[in-house]
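Thanks for coming. I have one structure to go through, and I will take the pockets before the packing and the salt bridges. Please have the viewer open.

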Amino acid sequence: MYLFVYGETGAAKPMCIAEQAWIKGWSAWETEQGVTLVQKEEGSTVYGRLYHVLGKQTSSHTPVTVFTDNGEIQAFVAEGEHSNIQSIKWVAYGNVRLQEWLNKTEKPRYYFAYGSCMDLERIEQAGKLAHFSLGKEAVTLPHYRHAYTFAVEDGGRADCVEDHDSVVEGILYETTVEGIEYLFHREGVHKGHYRPAIVDTLDQSGEKRVCLTFLVLDKQQETPPPVHYATEIVRGATPLLPQAYIESLKARYKAWGLTV
């Protein structure tokens, strides 16, 4: 059967069908003991992972529709024990792994940029360069592909879409709390444009780096980006990313009739 898991904070386990999965009409809550629960709540969304597990449905499992980047799947979720709970608090953005990352006090705090934020020009113009200059390096995000699924008036904006046969190249920044606040504003999180997410990137030695990134909230049919936006991506990628990846970006732009 398929099981939606919302309380994991570490790397995905075997039999994970989707790292980016969500259920609508539910909210996530945490008890004083650190136990996460979900309950039905109209207009809310809970994010987690989707697994294919051995076993059968039990009385603790509730049927749900799970949404992923690649379609909907009928699955089950374990709501958790709601009785005898004295105090619970809402899980930020319905995402347990994200909340744990945002609440951590130890450094470093890593951010994965794969689109225009690879280029520092607008970051510098906003007066935030110091918050993205602590260290940066090229990393990969396995099992995702680069796409343009957020459409605005002049064209598409970048996104990572889960795809087990693809890899997204990008830049890892070490950032600060103020840098994170800038990113939430720039990515339009509170406008419903992008959502914050935690992903597992790999550095050049193959070591895992857990990073904050931003994914399009309501993915639409892919739309070619405007030239100025594609230029930012290529300019930001050029110093660090593999030349073959940069050429693959340029080839896509050329196929769309863009000269970058």
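One convention before the numbers: Ala, Val, Leu, Ile, Met, Phe, Trp, Tyr, Cys and Pro count as nonpolar, Asp, Glu, Lys and Arg as charged, and the others, Gly among them, as polar. On that basis, the lining of the largest pocket has 11 nonpolar, 11 polar and 6 charged residues. Keep in mind that this is a predicted model.

Let me stay with that pocket. The space in the largest pocket comes to about 570 Å³. Its lining is made of 28 residues, and the closest to the centre are W22, T45, Y47, R195 and L217. Which elements give two or more residues to this lining? They are strand 2 (16-31), strand 3 (36-52), strand 4 (61-68), strand 5 (71-78) and strand 10. Strand 2 provides the largest share of the lining, with 5 residues.

Now the second largest pocket. Here the space is about 400 Å³. Lining it are 24 residues, and S116, R122, R186, E187 and Y229 lie nearest the centre. At least two lining residues come from each of strand 7, strand 8, strand 9, helix 3, strand 11 and helix 4. Sorted by class, this lining has 12 nonpolar, 7 polar and 5 charged residues.

As a general remark on how such spaces are found, rolling a probe the size of a water molecule over the atoms shows where empty space is left.

Several of those elements deserve a closer look, so go to strand 9. Strand 9 covers residues 155-175. How many of its residues are buried? The count is 15 of 21, so strand 9 is mostly covered, taking buried to mean under 20% relative accessible area.

On the pairing, strand 9 has two partners I want to show. Strand 7 and strand 9 run antiparallel and are joined by 5 bridges. Within that pairing, Y110 has E174 in strand 9 as its bridge partner. Strand 8 and strand 9 are also antiparallel, and 14 bridges pair them. These two strands form a hairpin, with 2 residues between them. For a position to click on, L141 stands opposite V168 in strand 9.

V139 is a residue of strand 8. Is V139 buried or exposed? It counts as buried, because its relative accessibility is 1%. Leaving out residues up to four places away in sequence, V139 touches F112, V168, E169, G170, I171, L172, T201, L202 and D203. One distance for scale: V139 and L258 are 26 Å apart in space, C-alpha to C-alpha, and 119 residues apart in sequence.

Next is helix 3, which spans residues 177-186. Its buried residues are G179, I180, Y182, L183, F184 and R186. R186 also appears among the residues nearest the centre of the second largest pocket. What do the buried residues of helix 3 pack against? The helices are helix 1 (96-103) and helix 2 (121-125). The strands are strand 7 (109-113), strand 9, strand 10 (194-202) and strand 11 (208-216). After helix 3 comes G188, with a positive phi near 65°.

That leaves the charged side chains. The structure has 14 salt bridges, and I will show three of them. In one, the side chains of K128 and E178 meet at 2.8 Å, N to O. K128 sits in the loop between helix 2 and strand 8 (136-152), and E178 in helix 3, so this pair ties together parts that are 50 residues apart in sequence. E178 is partly exposed, with 36% relative accessible area.

Another joins the side chains of E222 and R252, at 3.0 Å, N to O. E222 belongs to the loop between strand 11 and helix 4 (227-237), while R252 is in helix 5 (residues 243-255), so the pair ties together parts that are 30 residues apart in sequence. Both ends are partly exposed: the relative accessible area is 30% for E222 and 32% for R252.

The remaining one is K13 with E8, whose side chains meet in a salt bridge of 2.8 Å, N to O. E8 counts as buried, because its relative accessibility is 16% and the cut-off is under 20%. E8 and K13 are linked with R49 in a network of salt bridges.

That is everything I have; questions are welcome.

Note on methods: Residues numbered from 1 in each chain as written. Predicted model: local features only at pLDDT ≥ 70, side-chain atom pairs only at ≥ 80, totals over all residues. Heavy atoms only, no water. Buried < 20%, exposed > 50% of the residue type's maximum accessible area, 1.4 Å probe, protein only. Helix = DSSP H or I, 4+ residues; strand = E, 2+ residues; numbered from the N terminus. Contact = heavy atoms within 4.5 Å. Salt bridge = Lys/Arg side-chain N within 4 Å of Asp/Glu carboxyl O. 1 Å grid on protein atoms, 1.4 Å probe; cavity = no way out; pocket = protein on both sides within 12 Å on 5 of 7 lines; lining within 4 Å. Points joined across faces, edges and corners; volume = space filled by probe spheres on them. Pairing = 2+ DSSP bridges.
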